[in-house]
Amino acid sequence: MRIVIIGGDAAGMSAAMQIVRNSKGHEVITLERGGVYSYGQCGLPYLIGGEVNSSEDLIARTPDTFREKHGIDARIHQEVTKVDCDQKIVHGYDHEEEKEFEVKYDKLLIATGADPILPPWEGINLEGIFPLKTIPDAEAIMRDLDKSVERVAIVGGGYIGLEMAENLVNLGKKVRLIDRSGELAKIFDPEMSALIHEEADRNGIELSLGESVEGFEGEERVQSVITDKGKYTCDHVLLAVGVTPNTKFLEGTGIYKSYNDAIQVNSFMETSIMDIYAAGDCATQYHRIKERHDYIPLGTHANKQGQIAGLNMVNIHKSFQGITGTSILKFFSLTLGRTGISCREAEQEHIPYRTVSVESTHAAGYYAKNKITLKLLYNEKSRKLLGGQIIGEEGVDKRTDVLATALYHEMTIDELLDLDLSYAPPYNSVWDPIQQAARKAT
């Protein structure tokens with residue numbers, strides 16, 4: 001059987017490895033639009049900031065490793081332009097050979113990821129304006145960030161925008177964050193986002209919130225960004241306004257897609273067309289709290305979905321159990337963690353909810369004074385936990401994961417009190433902040 005995989009990163013290569021490890025006799029061909037396989041996209045801001053020494057450190061396996069060690073026909077610079085589902089043929093363009101190609105398949109996995117959103121703003125093609133999604137993107141940004149660049153404008157206050165703001169400040173750049181919403185990191189509720197705003201201010205970041213970008217000015221190179229409320233001088237612009245699933249080449253196939261063009265998949269990663277699977281940032285993920293398909297593109301989901309797709313493609317049946325909306329990021333001295341749904345999402349899903357919050361310390365109060373702010377959401381009727389948001393300097397990561405586990409197992413807020421959580425003064429209080437909040441809800 002010939003298995004073709006479109007995409008050579010997290011989902012695609014997780015699938016390919018499961019296929020070669022769990023079956024024999026199959027021909028596995030992977031088609032990657034770029035020239036790099038299996039790299040850590042989430043590490044790109046830290047490569048730019050100097051925390052990661054080299055782009056090679058972000059690469060898990062090279063195409064040669066897949067070819068020579070695992071027998072995978074890993075091809076590079078192969079951009080797929082069309083899929084003929086009736087004839088089972090993938091059509092594309094080979095950018096190295098500068099010619100069209102076609103590959104027949106018996107089973108196909110679409111793992112094409114997502115592309116950065118680049119709105120049609122005036123002046124967006126000026127020199128000094130960059131998205132950040134790939135290693136070549138990061139390397140281009142690093143080449144551009146010489147000593148002549150003093151002021152950087154970041155458009156977008158989400159994951160990438162915040163991580164890049166920190167790394168650029170650490171490089172000595174003056175940073176302005178522009179976002180059309182009134183808050184940074186809208187995955188958090190407003191009172192939690194306020195803590196992020198305070199941290200940005202402490203570190204000299206200029207915030208332009210509630211402003212919509214209209215364009216950029218400059219002769220050959222960008223010199224300013226124009227919003228509906230002002231004009232800001234800059235030498236360099238990072239665009240971090242989100243991503244969109246890379247699925248345009250599937251038009252006319254009949255493959256069912258969701259509202260944002262993400263491919264709709266079932267728990268076995270099957271699409272609406274027989275023998276075609278999808279996984280990763282180009283596909284939907286089932287949200288266990290919302291009880292519906294959602295789109296939250298993260299590397300953790302891509303790897304899991306890819307693994308499950310690969311197994312099912314060789315008839316080893318395993319289902320994807322869904323997500324709980326867990327994420328975490330570092331922003332200067334703070335760690336920002338969240339899982340489940342926010343108040344905004346609960347309202348959108350018409351779920352009756354209540355909240356409870358505490359300000360505590362990550363360890364025993366007499367041992368450490370680093371504050372931790374924690375907020376829990378729970379269903380007003382069933383009292384099932386709906387979500388949690390945690391911001392602090394230490395201890396955020398482990399508590400985020402405790403809440404993610406509790407959400408997975410559909411625990412109530414009252415059952416959190418029964419958890420046997422670890423305690424010693426350097427690590428915790430006798431009542432963990434999670435349980436302190438749960439006690440307030442009783």
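# A guided tour of the model

Begin by selecting β4 and β5, which form a hairpin with four residues between them, and look in the turn for lysine 88, which has a positive phi of about 55°. Keep in mind throughout the tour that this is a predicted model.

With the hairpin still selected, follow β4 against strand β5, residues 89-94, where the two pair in the antiparallel sense over six bridges. To see one such pairing, select glutamine 78, whose bridge partner in β5 is aspartate 94. From glutamine 78 move on to lysine 99, which is 21 residues apart from it along the chain, with 9.9 Å separating the two C-alpha atoms. Lysine 99 lies in strand β6, and is it buried, partly exposed or exposed? With a relative accessible area of 47%, lysine 99 falls in the partly exposed class, because that class ends at 50%, over which a residue would count as exposed.

**The five-stranded sheet**

Next, colour the strands β3, β2, β1, β7 and β18, which in that order make up an open sheet with parallel pairing. At its edges you will find β3 (73-75) and β18, each of which pairs on one side only. Looking across this sheet, you can follow how neighbouring strands are turned by 15° against each other on average, direction ignored. Zoom in on β7 and β18, which pair in the parallel sense over three bridges, and there select leucine 108, which stands opposite isoleucine 276 in β18.

**The nonpolar core**

Leucine 108 also leads to the next stop, since among the 50 residues in the largest nonpolar core, Val83, Val90, Leu108, Leu109 and Ile110 touch the most other members. Select these five residues, and then add the elements that each supply at least two residues of this core, namely β1 (2-6), α1 (10-22), β2, β4 (78-84), β6 (99-104), β7 (107-110), β18 (276-278) and α7 (299-313). Which element gives the most to this core? The answer is α1, with six residues. As a general background to this stop, nonpolar side chains tend to be buried together in soluble globular proteins.

**The three-stranded sheet**

Now move to β13, β14 and β15, three strands that form an open sheet in that order with antiparallel pairing. Here β13 (213-218) and β15 stand at the edges with a single partner strand each, so one side of each is left without a neighbour in the sheet. The twist from one strand to the next averages 25° in this sheet. For a closer view, select strand β14 (residues 222-227), which three bridges join to β15 in an antiparallel arrangement, and then pick out valine 225, whose bridge partner in β15 is tyrosine 232.

**The cavity and a pocket**

Tyrosine 232 is also one of the residues lining the largest cavity, and the full selection for this lining is Arg151, Val152, Ala153, Lys174, Val175, Arg176, Glu206, Tyr232, Thr233 and Cys234. The elements that give two or more residues to the lining are β10 (151-155), β11 (174-179) and β15 (231-233). About 40 Å³ of space lies in this cavity, and the count of cavities of 30 Å³ or more comes to one. By class, the lining divides into five nonpolar, one polar and four charged residues.

For an open space, turn to the second largest pocket, which has a volume of about 280 Å³. To find the pocket, select Arg288, Ile289, Glu291, Lys384 and Leu386, which are the closest to its centre of the 14 residues that line it. The lining of this pocket has six nonpolar, two polar and six charged residues.

**Two exposed residues in loops**

Finally, select cysteine 42, which is found in the loop between β2 (27-31) and α2 (44-48). Cysteine 42 counts as exposed because its relative accessible area is 58%, where the class begins over 50%. From cysteine 42 you can draw a distance to leucine 376, 334 residues apart along the chain, and the C-alpha atoms are separated by 27 Å.

The last selection is tyrosine 427, in the loop between α9 (396-408) and α10 (433-440), which at 56% relative accessibility also counts as exposed. How far is the C-alpha atom of tyrosine 427 from that of alanine 363, and what is the spacing of the two along the chain? The C-alpha atoms are separated by 4.6 Å, whereas the residues stand 64 residues apart along the chain.

Definitions and conventions. Residues numbered from 1 in each chain as written. Predicted model: local features only at pLDDT ≥ 70, side-chain atom pairs only at ≥ 80, totals over all residues. Heavy atoms only, no water. 1 Å grid on protein atoms, 1.4 Å probe; cavity = no way out; pocket = protein on both sides within 12 Å on 5 of 7 lines; lining within 4 Å. Points joined across faces, edges and corners; volume = space filled by probe spheres on them. Nonpolar A, V, L, I, M, F, W, Y, C, P; charged D, E, K, R; others polar. Buried < 20%, exposed > 50% of the residue type's maximum accessible area, 1.4 Å probe, protein only. Pairing = 2+ DSSP bridges. Axes fitted to C-alpha atoms, helices over the stretch in contact; angles between N-to-C directions. Core = buried A, V, L, I, M, F, W, Y, C linked by side-chain atoms within 4.5 Å.
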